[in-house]
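Here are my notes on this one, jotted down as I went through the model. Have the viewer open while you read.

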Amino acid sequence: MKVAIMTDSNSGITQKEANELGIFVLPMPFTINGQEFEEDINLTQDEFYDKLMTGAEVFTSQPAAGEVTKFFDNILKEYDQIVHIPMSSGLSGSCQTALMLAQEDEYKEKVYVVDSQRISVTQKWDVLDALALSKQGKDAKEIHDILMDNKLNASIYITVNTLEYLKKGGRITPAAAALGGLLKIKPILTIQGEKLDSFQKTRTMAKASKIMIDAITKDIKERIDDSEDMSNTRIMIAYTYDKDQALEFKKQVEEIFPNHEVICDSLSLSVACHIGPHSLAIAACKKII
């Protein structure tokens with residue numbers, strides 16, 4: 001069986017990377033000041049942040065069902081099966097749409113949708129693991145089942161630099177945003193499973209960095225990795241807009257985990273839209289391979 005690996009741009013995988021890897025990335029759509037864009041097709045990271053930080057009205061949406069099936073159809077011209085790894089069903093309806101479409105007669109036993117409840121760097125690792133499993137000769141159902149068995153062995157912690165974008169997205173009230181701004185609060189959010197939840201609050205990025213490192217270490221030891229040296233864990237840094245800030249954070253993390261290769265990637269634009277620039281994240285997930 002010739003198995004294709006498909007994901008969406010919430011994974012942070014660019015179209016260029018997708019071509020190099022031999023996978024397929026469905027671009028996520030945006031509406032900016034009433035104009036339609038697709039991530040990494042006619043909207044770059046720099047263009048997105050320029051618009052976001054100059055007060056543009058930015059809305060995320062999900063690909064239309066017809067766009068998804070068009071992707072399926074084009075891939076199935078060359079492949080026997082597809083493993084599709086979209087963003088978490090708890091963060092967008094796009095996963096549920098894909099699951100529904102995969103049940104149609106023409107896609108049954110051809111398209112397997114993985115609701116791994118992940119996004120960004122942890123979602124990306126699911127894609128890379130799926131690709132490696134396909135190269136081992138596993139079929140789409142086998143890959144799907146392995147990823148689903150491992151889906152909850154992951155955590156993400158994100159520190160938001162400003163409450164402005166959470167307010168715009170309706171995740172907090174204007175009054176809470178105003179009070180938080182006066183107190184210079186930096187909320188720390190977490191994704192463990194389906195949804196983005198509040199974790200802690202602090203007033204500086206330095207304190208937030210320590211809280212996130214302590215939290216991810218605890219998760220690795222208690223839930224993600226049962227090895228003594230945490231060697232079965234992948235550790236990642238993610239960020240919005242400010243790469244230099246992320247690289248400094250990466251150095252701190254490497255001191256805590258000296259035997260790990262710590263990967264640093266930008267957060268997808270769908271996440272950035274809701275949390276704004278200068279946000280930092282740390283993530284971990286269990287190795288499959």
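1. Let's start with strand β9, residues 186-191, in this predicted model. Six of its six residues come out buried, so the strand is largely enclosed by the rest of the structure. The cut-off behind that is under 20% relative accessible area. In a regular strand, side chains alternate between the two faces of the sheet. Here K186, I188 and T190 point one way, while P187, L189 and I191 point the other way, and all are buried. Note that the buried set includes K186.

2. Who sits beside β9? Strand β8 (residues 154-159) pairs with β9 in the antiparallel sense, over four bridges. If you want a spot to check the register, I156 has I191 in β9 as its bridge partner. Strand β10 (residues 196-202) also runs antiparallel to β9, and six bridges join the two. A handy marker for that pairing is T190, whose bridge partner in β10 is D197.

3. On confidence: the protein averages a pLDDT of 90, and 93% of the residues score at least 70. The stretch to watch is residues 175-180, where the pLDDT is below 50. Beyond near neighbours in sequence, residues 175-180 have six contacts in the model. Where pLDDT is low, the predicted coordinates should not be read in detail. I'd treat those six contacts with that in mind.

4. Now for an open sheet of three strands, in the order β4-β3-β5 with antiparallel pairing. Its edge strands are β4 (35-38) and β5 (58-60), each of which pairs on one side only. From one strand to the next, the twist averages 30 degrees. Strand β3 (residues 29-32) and β4 run antiparallel and are joined by four bridges. Within that pair, T31 stands opposite E36 in β4.

5. Two backbone spots for your torsion plot. E109 has a phi near 65 degrees, a positive value in a residue other than glycine. E109 lies in the loop between α4 (94-102) and β7 (111-113), and it is exposed, with a relative accessible area of 63%. H278 also has a positive phi, about 65 degrees, although it is not a glycine. The loop that holds H278 runs between α11 (269-275) and β13 (280-286). Is H278 buried, partly exposed or exposed? Partly exposed, with a relative accessible area of 25%.

6. How many cavities of 30 Å³ or more does the structure hold? Two. About 60 Å³ of space lies in the largest cavity. Its lining is made of D8, L26, M28, P63, V68, H84, P86, S94 and A98, so if you probe that void, those are the residues to display.7. Last, the open space. The largest pocket has a volume of about 330 Å³. It is lined by 19 residues, and the closest to its centre are G12, T14, E17, Q45 and S266. Which elements give two or more residues to the lining of the largest pocket? They are α10 (243-256) and β12 (262-266). Of the elements, β12 gives the most to that lining, with three residues.

Conventions: Residues numbered from 1 in each chain as written. Predicted model: local features only at pLDDT ≥ 70, side-chain atom pairs only at ≥ 80, totals over all residues. Heavy atoms only, no water. Buried < 20%, exposed > 50% of the residue type's maximum accessible area, 1.4 Å probe, protein only. Pairing = 2+ DSSP bridges. pLDDT = per-residue confidence, 0-100. Contact = heavy atoms within 4.5 Å. Axes fitted to C-alpha atoms, helices over the stretch in contact; angles between N-to-C directions. 1 Å grid on protein atoms, 1.4 Å probe; cavity = no way out; pocket = protein on both sides within 12 Å on 5 of 7 lines; lining within 4 Å. Points joined across faces, edges and corners; volume = space filled by probe spheres on them.
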